[in-house]
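Student: I have this model open and would like to look closely at a single helix and what lies around it. Could you walk me through that part, and then set it against the rest of the chain?

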Amino acid sequence: MQIELIETYLDLMETRSFNRTAERMNLRQSTISHRVKALEAALGRSLFTRNKGGTAPTPAGLRFLDHARALQRQWHEAARTVESAGAYEHAMRIGVQQDVAEEFAGPWLKAIRADLPGTSIYIEADYSNQMNRDLASGDLDLAILYTPHFLPDLHYERIGEMTYVLVSTLSPSVEDLNRDNYISASYSPAFDRMHRLALPQLATTALSSGQNVTISGLLKSLGGGAFVTKATADEFHRAGIAFIVEDVAPIPQTVYAATGVRTRHAHQHRRVIAAMKALLGAGTPEPQEPGLPEI
């Protein structure tokens, strides 16, 4: 079965529109229709119905969804394995939250290379939403992220936390910060909730960002106040760039490791996760099972 048929079906399950899927895949609508018909012929069942109200999956179409996702994931895994075959026994594609990468990518990869010399590594820094999607589709083997989505066939476990500290170029007091000189950080939904509780008067500001390196640059250029990683806060304090605001408590951000359910016990996955856990200074928290509420 051609993988193009599976990916067309999966996109159509999202859009529920032949026109929209054709636009997203940069194909003609007739091509989308042909692919769906070919897949239905191979399965011997109708997958979609089309009427004035739009496109809707049939019962068979709904039941095929989890299997199609698994097929897509396995295909991508197989394609990467064949493509990267060479001097290395194994290959891994790893995603990591941008702020975690900024602080730990170097020592983390150094530890991985020393521990897994026979594994080639591709690493990219990204946000949680995209990494969850890439894991589900098989484009990533493992991710270090802030916000789990508890998607089918994915496994999440807490491995430590990052700490964000409020700094200000004005004074060590939060009273000197207002909506005009404060840069709002939006690192994750969990961080946003804690931030609103801590500083409800600064929930809406003129500037905001979800990346530590961007906020750090804005503070250096514009001045003011913002939450940055503890490492950045300490650096700013030592260099005399900003004060640490003592009357506002730091905000902790939980860090998760995410893998496929089938690979969560794989040797190389466990070694990669252990290396990051050591850098984060975590203990050995119990893995979180899918369905538990986000911390």
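To get my bearings, how many helices and how many strands are there in the protein chain? Then, for the close look, which residues of helix α8 are buried, and what covers them?

Tutor: Happy to! Please keep in mind that this is a predicted model. The protein chain has 11 helices and 11 strands. Its 295 residues include 44% that count as buried, and its C-alpha atoms fill a box of roughly 70 × 50 × 35 Å along the principal axes. Sequence-distant pairs matter in what follows: among contacts between residues at least 6 apart in sequence, 72% join residues at least 24 apart.

Now to your helix. Helix α8 covers residues 189-198, and its buried residues are A190, F191 and H195. Viewed down the axis of α8, these buried residues fall within an arc of 130°, so they line one face of the helix. Their cover includes four strands, namely β6, β7, β9 and β11. Let us take these strands in turn.

Strand β7 spans residues 183-185, and S184 is found in it. With a relative accessible area of 10%, S184 is buried, because the cut-off for that class is under 20%. Beyond its neighbours up to four places away in sequence, S184 touches H195, A203, T205, L207, S208, S209 and I215. One of these partners, H195, is also one of the buried residues of α8, which gives you a specific link between the helix and this strand.

Strands β9 and β6 can be read together. In β9, residues 225-229, 5 of the 5 residues are buried, and the strand is described as mostly covered. Its partner β6 runs from 154 to 168, and 5 bridges join the two strands in an antiparallel arrangement. A handy place to find the register is V167, which stands opposite A226 in β9. Both of these strands are listed in the cover of the buried residues of α8.

The remaining strand in that cover is β11, residues 251-260. A good way to approach it is through P148, which sits in the loop between β5 (142-145) and β6. What makes P148 count as buried? Its relative accessible area is 6%, and the class takes in values under 20%. Leaving aside neighbours within four places in sequence, P148 is in contact with N132, Y156 and Y256. P148 and A258 are 110 residues apart in sequence, while their C-alpha atoms are 7.7 Å apart in space. The loop between β5 and β6 also holds F150. Most residues other than glycine have a negative phi. F150, although not a glycine, has a positive phi of about 50°.

For the setting against the rest of the chain, try the N-terminal helices. A packed pair of helices is described by an angle and a distance between the axes. Helix α1 (residues 3-15) packs on helix α3 (residues 29-43) at about 110°, with the axes 9 Å apart. An angle of that kind makes the two helices roughly perpendicular. On the α1 side the contact uses E4, L5, I6, T8, Y9 and L12, which meet I32, R35, V36, A38 and L39 of α3. By type, the residues of this contact divide into 8 nonpolar, 1 polar and 2 charged.

Helix α5 (residues 65-83) holds Q72, which is buried at 13% relative accessibility. Apart from its neighbours within four places in sequence, Q72 contacts I3, I6, E7, L10 and S137. I6 also takes part in the contact of α1 with α3. In the loop between α1 and α2 (18-24) you will find R16, another residue that is not a glycine but has a positive phi, here about 55°. R16 counts as partly exposed at 37% relative accessibility.

One last stop is R271 in helix α11, residues 267-280. R271 is partly exposed, with a relative accessible area of 36%, and outside its neighbours within four places in sequence it is in contact with D115 and L116. R271 and F243 are 28 residues apart along the chain, and their C-alpha atoms are separated by 38 Å. To return to your helix, keep in view A190, F191 and H195, with β6, β7, β9 and β11 among what covers them.

Terms used
Residues are numbered from 1 along each chain as its sequence is written. This is a predicted model: local features need pLDDT of at least 70, side-chain atom pairs count only at pLDDT 80 or more; totals for chains, interfaces and linings use all residues. Side-chain values use heavy atoms; hydrogens and water are left out. Buried means under 20% relative accessible area, exposed over 50%, partly exposed in between (1.4 Å probe, protein chains only). Two strands pair if DSSP finds at least two bridges between them. Contact means heavy atoms within 4.5 Å. Axes are lines fitted to C-alpha atoms, for helices over the stretch in contact, and angles run from 0 to 180 degrees between N-to-C directions. Angles under 35 degrees count as roughly parallel, over 145 as roughly antiparallel, 65 to 115 as roughly perpendicular and the rest as oblique. Ala, Val, Leu, Ile, Met, Phe, Trp, Tyr, Cys and Pro count as nonpolar, Asp, Glu, Lys and Arg as charged, and the others, Gly among them, as polar. The arc is that of the directions from the helix axis to the C-beta atoms.
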